[in-house]
Amino acid sequence: MNYLNGENLSKDLGERILFKDLDISINKGDKIALVANNGTGKSSLLKILAHAEQPDNGIVRLRKGLRSAYLPQEPIFDEGTIQNLIDHSSSHIMATIRAYEASLEAQTEDYNTETQRAFEHASAAMDEADAWDFERKLKELLTRFTITNYDQQISSLSGGQKKRLAISLAILQNPDLLLLDEPTNHLDLDMIEWLEKYLSNSNMSILMVSHDRYFLDSVCNQIVEMVDGRLQYYTGNYAYYLEKKAEMEAANASEIGKAQQLMNKELEWMRRSPKARTTKSKSRISAYYETEAKAKSGKKTQDLELAVKMTRIGGKILELKKVHKSYGDNVILKGLDYTFKKGERIGIVGKNGCGKSTFLNMIMDLEQPDSGKINRGDTIVFGYYSQDGMKHLKPEKRVIDVLKDVAEVITLADGATVTASQMLNLFLFPPQMQHQFVEKLSGGEKRRLYLLTVLMLNPNFLILDEPTNDLDILTLNKLEDFLADFGGCILLVSHDRYFLDRIVEHIFVFEGQGEIKDYNGSYTEYRLEQEEQAKQDKKDAKAAPLVLEKSKTEAPKLKLSFKEKYELETLEKELEDLETEKEQLESQLANNPSDFDIIAKASERLGTILQEITTKSDRWLILSEYES
């Protein structure tokens, strides 16, 4: 069943055409992701389909009676409180509720056949919309999205709170068709995983724009790629799309290669100026031009190069000693101790408002701890990509001038130098875009420009606060390639699980009230471990009465056996030896920063040592409790 048709849609911004004569349709059961590079009109197309923007040409048709909801990338609300917004929402459910209340009041004031019929009709509409407990459902959902104060003014909400409020209102309209523009922006990981599961299990048809590849892979059953203003459909999830796109590009490259070989041969013949007298000659000349067009159709994809020069890192990097920070009752850090090692890359996750950005700002000396020390190494050059850093991009400036304010010439990792214009070109800003004003750029293009200004500082310690917001998938892939090869330290806050899994080696989990868990592994490994622990806790809870009953008959253990005493003494000696070897290995790493053989061997052995220390320490603690 067809839900929506967009026919012959065109949109241009004057200086560039976004798309022309584009057709798109959405059917019942479709869950479609629209993917494209920044600045190609994804959000504009979504707005047109939601009737939030007019196309230059073309028409959008919705099936009669279809309920649709649209989530913009940056929601805009009228002034007032959250409760005012709920009460005066234009959603079909709120309209149904208001119609029911009006019919009830009319019947109470003047009971007659007409008011009774209107009341019965309104009651049936309430049944059909499942609107009887709408307020309870809404408040349950708002609570899940951490919105509980309904008297709060809309103007006082943060961007993240507005996004969560908009998602709640869109979902509770119970639409047949849901249009979503970057739904995961500003959501913490728990909320993203909940929304992912909800949309995957829903019966709604969905068209979304998102850069979250795990989210797309889980929710969508179709991928629509926009290239040069045209749409290419792939039936399957995001992983299937990548596979089929790679096959298509390989096949196309093969065809182009064959055409180029043939063209070279034909070119020799054409240069001999054959006279187009015979049918055979005419046919061959015509075939030559067709072959030439095919050979030249291999439009080279512009690549993104991020290999900038990095300043050498000394022995001391960054140390946090007994760092405390709080805002009233909200504890951010509670005596945090940590020493960063060379090449370490740490991801930071946690609920919104738990202090992740505050932690980064303290490292950058933009905020001060309440107590404790943060010691920064003399050789450390920070590159800080902050959430609000784009505000420093002046809208009235041209793109090229923004970069020249940082540096006229940039040194790359191989020692070569490039101009600001060349660097912009490598960052997908072709010459015609370099003289545009910043205010003309899309959100993703501004972030890409801001990212370039950060990397041009040649940092050896990158601090990235939600770097994936509004970046297209091409830019994300190239950024990940760069970070994977980056030799310095990385500390990043992100809600993009794919990005975290590819870049970081362990996680700081901000659990709230100053509690920070240091998990050695990827984010997915951490989540799987959490799920396994939750399952085990359920099993333990079921078995708890049996354990308690058994414990009544068992005598408590009061002292160690001879064998356990011997084990305890042996562990103490082994732990001393392991600590000594650990210090020696760390010294080797610090004194041989360029000897890769020593670094590889020492790092491998150090990992084994640390694991042995953890295991033996745990056993030593158990035995020492009985010894005391």
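## A walk through a predicted fold

Let's start with one residue: Leu 318 is buried, because its relative accessible area is 0% and anything under 20% counts as buried. Keep in mind as you read that this is a predicted model.

Where does Leu 318 sit? You'll find Leu 318 in strand S10, which covers residues 318–327. Its surroundings are a good lesson in how a chain folds back on itself. Leaving out residues up to four places away in sequence, Leu 318 touches Tyr 338, Thr 339, Phe 340, Ile 363, Ile 374, Asn 375, Arg 376 and Phe 461. Take Asn 375 from that list: Leu 318 and Asn 375 are 57 residues apart in sequence, yet their C-alpha atoms are 5.7 Å apart in space.

Now try a charged residue. Is Lys 163 buried or exposed? Lys 163 counts as buried, because its relative accessibility is 0% and the cut-off for buried is under 20%. Lys 163 belongs to helix H6. Setting aside neighbours within four places in sequence, Lys 163 is in contact with Leu 71, Pro 72, Gln 73, Pro 75, Asp 181, Glu 182, Pro 183, Asn 185 and His 186. Here again the chain brings distant stretches together: Lys 163 and Pro 75 are 88 residues apart along the chain, but 6.2 Å separates their C-alpha atoms.

Zooming out, the chain has 628 residues, and buried ones make up 44% of them. Its secondary structure comes to 20 helices and 20 strands. If you take the contacts between residues at least 6 apart in sequence, 67% join residues at least 24 apart.

### The open sheet and its helices

Next, a sheet. Here 6 strands line up in the order S5-S6-S7-S3-S8-S9, making an open sheet with mixed pairing. Why do S5 and S9 each have a side without a neighbour in the sheet? Strand S5 (68–71) and strand S9 (230–235) stand at the edges with a single partner strand each, so one side of each is left free of a neighbour in the sheet. From one strand to the next, the twist averages 15°.

Inside this sheet, strand S6 (residues 177–181) and strand S7 (residues 205–209) run parallel and are joined by 5 bridges. For example, Leu 177 has Ser 205 as its bridge partner in S7. Helix H7 (residues 189–201) packs on the sheet, where H7 touches S3, S6 and S7 and makes an angle of about 125° with the direction of S3. Helix H1 (residues 42–49) lies across strand S3 (31–35), S5, S6, S7 and strand S8 (222–227), and runs at about 150° to S6.

### Two helices and two cores

Helix H6, the home of Lys 163, also has a helix partner. Helix H5 (residues 134–144) and helix H6 (residues 159–172) pack at an angle of about 145°, and their axes are 10 Å apart. Their crossing is right-handed. On the H5 side, the contact is made by Phe 134, Lys 137, Leu 138, Leu 141 and Leu 142, while H6 brings in Leu 165, Ser 168, Leu 169, Ile 171 and Leu 172. Sort the residues of this contact by type and you get 8 nonpolar, 1 polar and 1 charged.

Leu 165 turns up again in the largest nonpolar core. That core has 52 residues, and Leu 165, Leu 199 and Met 208 touch the most other members. The helix giving the most to this core is H6, with 7 residues. Not counting residues up to four places away in sequence, Met 208 touches Ile 32, Ala 33, Leu 34, Leu 180, Phe 215, Leu 216, Val 219 and Cys 220. There's also a second, separate core of 45 residues, which includes Leu 393, Phe 429, Phe 486 and Tyr 519.

### Strand S19 and its partners

Strand S19 (residues 506–512) is mostly covered, with 5 of its 7 residues buried. Here's how S19 pairs with two strands.

| Partner of S19 | Direction | Bridges |
|---|---|---|
| S12 (residues 345–350) | parallel | 5 bridges |
| S20 (residues 515–519) | antiparallel | 5 bridges |

Val 509 of S19 shows up in both pairings: Val 509 is the bridge partner of Val 349, and Val 509 also stands opposite Lys 517 in S20. Finally, S19 and S20 form a hairpin with 2 residues between them, and Gln 513 in the turn has a positive phi of about 55°.

Methods: Residues numbered from 1 in each chain as written. Predicted model: local features only at pLDDT ≥ 70, side-chain atom pairs only at ≥ 80, totals over all residues. Heavy atoms only, no water. Pairing = 2+ DSSP bridges. Helix = DSSP H or I, 4+ residues; strand = E, 2+ residues; numbered from the N terminus. Axes fitted to C-alpha atoms, helices over the stretch in contact; angles between N-to-C directions. Contact = heavy atoms within 4.5 Å. Left-handed = near helix turned anticlockwise from the far one by under 90°. Nonpolar A, V, L, I, M, F, W, Y, C, P; charged D, E, K, R; others polar. Core = buried A, V, L, I, M, F, W, Y, C linked by side-chain atoms within 4.5 Å. Buried < 20%, exposed > 50% of the residue type's maximum accessible area, 1.4 Å probe, protein only.
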